[in-house]
Amino acid sequence: MWWATGLGVGWSPRAPGTMGSLVALALWWPAGFWGLRLYAVLLAAAIIIGVPVTARAARVLGRQDPPMVVWDEVAGMGVALFAVPHQVLWFAVAFGLFRLFDIVKPFPIARLEALPGGYGIMFDDVWAGLYAALLVHGGLWMASGTP
């Protein structure tokens, strides 16, 4: 439960998903200094381990996608931050976009929630992170003026 609740922050009475995403910023910030290869390994581990961990927590709590289970936000933020410049501004942009996509759930994110167990819990946030990362990197590319 400690892992699934994002080191306990998921028990926050207000906006547990946002709190989990903030914890994710703190967890992924140092990983940004370790290089993309190690970051990718840690991210893959967070996603792979997250599937059974979140599924078990959901079973224990008796809910399909309990709001206090925020490890999916931690992994999703990791995706959103992948290869983003290690600057507060870009981390903030990725955070805002991730939260937007996690809440609004554009296609096919809402459908991914219907996947069984931990897959449904994890993969909607992984896709929200992917959308955020694509927009951040697209913005960086456009800002660079590279054709």
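Is Lys105 buried or exposed? Select Lys105 in the viewer, bearing in mind that the model is predicted. Lys105 is buried, because its relative accessible area is 19% and the cut-off for a buried residue is under 20%.

**First stop: Lys105 and its backbone**

Keep Lys105 selected and display its backbone. This residue is found in the loop between α4 and α5. Its phi angle is near 55 degrees, which is a positive value in a residue other than glycine.

**Second stop: from Lys105 to Asp102**

Now show the side chains and add Asp102 to the selection. Lys105 and Asp102 form a salt bridge, in which the closest N and O atoms are 3.2 Å apart. Side chains of opposite charge can pair when their charged atoms come close. Asp102 is buried as well, with a relative accessible area of 7%.

**Third stop: from Asp102 to Arg99**

Which residue should be selected next to find another partner of Asp102? Select Arg99: its side chain meets that of Asp102 in a salt bridge, with an N to O distance of 2.7 Å. Colour helix α4, residues 88-104, and both Arg99 and Asp102 will be seen to lie in this helix. The two residues are three apart, about one turn of the helix. Arg99 and Asp102 are both buried.

**Fourth stop: across to Asp124**

Return to Lys105 and select Asp124. The side chains of these two residues meet in a salt bridge, at 3.1 Å from N to O. Asp124 belongs to helix α6 (residues 117-144), whereas Lys105 is in the loop between α4 and α5 (109-112), so this pair ties together parts that are 19 residues apart in sequence. Both Asp124 and Lys105 are buried.

**Fifth stop: the network**

Which residues are joined into one network by salt bridges that share partners? Select Arg99, Asp102, Lys105, Glu113 and Asp124 together, for these are the residues so joined. The count of salt bridges comes to four.

**Sixth stop: a cis peptide bond**

Move next to Pro108, which lies in the loop between α4 and α5. Display the backbone from Phe107 to Pro108: the peptide bond here is cis, and its omega angle is near 0 degrees.

**Last stop: Ala15**

Finally, select Ala15, in the segment before α1 (16-31). What is the phi of Ala15 near? The angle is near 50 degrees, a positive value in a residue other than glycine. Ala15 is partly exposed, with a relative accessible area of 41%.

How values were computed: Residues are numbered from 1 along each chain as its sequence is written. This is a predicted model: local features need pLDDT of at least 70, side-chain atom pairs count only at pLDDT 80 or more; totals for chains, interfaces and linings use all residues. Side-chain values use heavy atoms; hydrogens and water are left out. Helices (H or I, at least four residues) and strands (E, at least two) are DSSP runs, numbered from the N terminus. Buried means under 20% relative accessible area, exposed over 50%, partly exposed in between (1.4 Å probe, protein chains only).
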